[in-house]
Structures are given as structure tokens and as C-alpha cells.
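Please open the model in your viewer and keep the selection panel at hand. The stops below go from the interior to the open spaces and then to some backbone details.

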Amino acid sequence: MSIIENGVVFVGTRGLATRCILFIIETCGKGAVSAILGANRNEKTWWNAETAEELWEVADRYGIPYFESIDDFSCHGSFLVSVIWPQIFSAHTLARFVQGGINLHPAPLPQYRGSFTRTHAILNNDKSFGVTVHYLSELADRGDIVGELQFPVMPSETALSLETRAQHYAYALFCEVWLRLLDGSVTSQSQAALIAEGKREPRFYSKRMMSELLDSADIPRSAEQLNQLYRALFLPPRITPPKWLVERVQANGGLGIHSGSDSEA
């Protein structure tokens, strides 16, 4: 059975979600999308500068039902597509989709499960980063991998510049995986197997860890470490380096770094 036969429910946020739903409509037609779930249409989103069209505007333009809570609909499709959705889907919710679903995670798995992964990649001095599409499961970011793409971390990278490039790679990966899902050529690999075979190390980064970084003024750091932390916390408009960090970096003659302010979806 085709994943679009009984309709696709699309869930997401940010400009990347808009680009992905438009690709689905372009390749399968608007009739393939049974419903769209996204942010409150009456609130201005923090990512509004990333896209010329929000998900609810796409829904209105194509006459697709739009919802603001996953509890508002029950039988609108058999396959779920998630793109940067901040909530964990319950087992009850996933059970509604008899053909399963996929999630686009803007980081490598299982090494970077969780939130604000670009920040931690910079702090970990990673030389490469990546994006992943995986099947949805009851445990967040743990489903089998169906597509991944790696790319280098550039010198003087900030969390914003790394996120900007990750979004571009993520869109390219999504398009490839979606087409493979349609023609039946997609393959998968188990995260659990990769971990058991010692090929990858699972790590989870919580939102609390970001709060701890922002409040870590009393931890001794060298000038190089302060500059690195500044780059890792430069993620406007959601996160900006705290005043104590800016003052310390300035005192060491820093802040002359690439900000990556030309952000896109």
C-alpha cells in the first residue's frame, strides 16, 4: 500500500517545514495531504523571517484542513510526517497512523538526540555534523534511520551558522527520502544495532543543559574556551550569549567572529 493512499498528516514548524510540505504537494498533489498540524495561526512565530509562507497559509491556499493540536483530529490519514516538531508523540497518537511515519531531525543520530544540538556539536569540537530522517517511535529520536547526510563543521562556526547550513542539507535529504518512500526503494538501519555494534555512541541533550550553560558564569575558562562558548550560544532570536559571557570575551579582545546571521529555514 502506498504511504499516500489513505492520506498523509504533516506536522511541523519553521520555514523548513513549509518547504517540505510544498515538496510533498509538488510531487503527490494537494489531495495526498489529509491534514496539517502546526503553530497557532493567530500568533506571530519567532521564525517568521525564515519563510514567506507559514504552514497555515499553505493549508488555506490548498484547502487542506489545519489544526493547532494533535488532539483535535483522529482519522485524517495513515502516515505521519514530522519536520522539527517540538513535542513527543504519544504511543496513542502514533497508533492512529497504521502505516507509521517519519521525522526529520536536524542532527546526527544517535549521537545528537534532543535539543540545541548545534550548540553541543561546537562545544564538542566536532569536525562534522549531519541531519537524519528516521521512522517515528514511542521514544524520541530513537526510530530506525532511513536517511542521513553528513557535512563539515566550518572554522569559527556559530550555532546559528551551523543550523542555517543544517536546514539546507535537511531539505535536500528530505526530498531524497520522500521520493524513495514513494518508489519503495528506501532502506533502514537500526539505531540500537549501531549502538550495540559499537559504531555510534548515543547521547541526549536536554533543554536543561542549555540553561546550565547560560548560567555557568562561575566556571573558570580560558580565552579560547570563552570564545568557543560564545559561538556555541550564538543562536538568535532564541538564544543569545549572556551578558557575563559577552563582557569576558570582549575583555579578551574577542567577538570578531562570523555570526552566520544570513539564516534561512
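Which residues have the most contacts inside the largest nonpolar core? Select Phe10, Ile21, Ile36, Val81, Val83, Phe174 and Trp178, which hold that place in a core of 62 residues. A nonpolar core here is a set of buried Ala, Val, Leu, Ile, Met, Phe, Trp, Tyr and Cys residues joined through side-chain atoms within 4.5 Å, and buried means under 20% relative accessible area, with exposed over 50% and partly exposed in between (1.4 Å probe, protein chains only).

Before going further, please note that this is a predicted model, in which local features need pLDDT of at least 70 and side-chain atom pairs count only at pLDDT 80 or more, while totals for chains, interfaces and linings use all residues. Residues are numbered from 1 along each chain as its sequence is written, and side-chain values use heavy atoms, with hydrogens and water left out.

**The core**

Colour helix H5, residues 159-183, which gives the most to the largest core, with eleven residues. Helices (H or I, at least four residues) and strands (E, at least two) are DSSP runs, numbered from the N terminus. Next, centre on Val81 and show what surrounds it: leaving aside neighbours within four places in sequence, Val81 is in contact with Val8, Val9, Phe10, Val11, Ile24, Ile102, Phe174 and Trp178, where contact means heavy atoms within 4.5 Å. Apart from the largest core lies another, of twelve residues, among them Leu37, Ile70, Leu94 and Phe97.

**Helix H1**

Now select helix H1, residues 14-28, and place a distance label between its end C-alpha atoms, which are 22 Å apart. The expected span of a helix is 1.5 Å times one less than its number of residues, so the 15 residues of H1 should span 21 Å, and the two values agree. The buried residues of H1 are Arg14, Gly15, Leu16, Ala17, Thr18, Cys20, Ile21, Phe23, Ile24 and Ile25. Among the elements that cover them are strand S1 (8-12), strand S2 (33-37), helix H2 (55-62), strand S4 (79-83), strand S5 (101-105) and H5. Following H1 you will find Gly29, whose phi is positive, near 90°.

**A closed space beside Ala39**

Which residue sits in the loop between S2 and H2? Select Ala39, which has its place there; leaving aside neighbours within four places in sequence, Ala39 is in contact with Thr45, Trp47, Trp56, Tyr66 and Glu68. Ala39 and Arg14 are 25 residues apart in sequence and 9.2 Å apart in space, C-alpha to C-alpha. Both Ala39 and Arg14 belong to the lining of the largest cavity, together with residues including Gly12, Trp47, Glu54 and Tyr66. The volume of this cavity is about 50 Å³, and H1 gives the most to its lining, with three residues.

On a 1 Å grid over the protein atoms alone, a cavity is a set of points where a 1.4 Å probe fits but cannot get out, a pocket is an open set with protein on both sides within 12 Å along at least five of seven lines, and lining residues have an atom within 4 Å of a point. Grid points are joined across faces, edges and corners, and a volume is the space filled by probe spheres set on the points.

**The two pockets**

Turn to the largest pocket, which holds about 950 Å³ of space. Of the 37 residues that line it, select Ile84, Trp85, Pro86, Gln87 and Ser115, the closest to its centre. S5 gives the most to this lining, with three residues.

The second largest pocket has a volume of about 290 Å³, and its 15 lining residues include Ile122, Asn125, Lys127, Gln228 and Arg231, which lie nearest its centre. Helix H8 (223-232) gives the most to the lining of this second pocket, with five residues.

**Backbone details**

Most residues other than glycine have a negative phi, and most peptide bonds are trans. The bond from Leu109 to Pro110 is cis, with omega near 5°, and Pro110 lies in the loop between S5 and strand S6 (113-114). A cis peptide bond also joins Pro236 and Pro237, with omega about 5°.

Finish with Phe116, in the loop between S6 and helix H4, where phi is positive, near 50°. Phe116 is buried, because its relative accessible area is 19%. Asp141 likewise has a positive phi, near 60°, and counts as buried because its relative accessible area is 12%.
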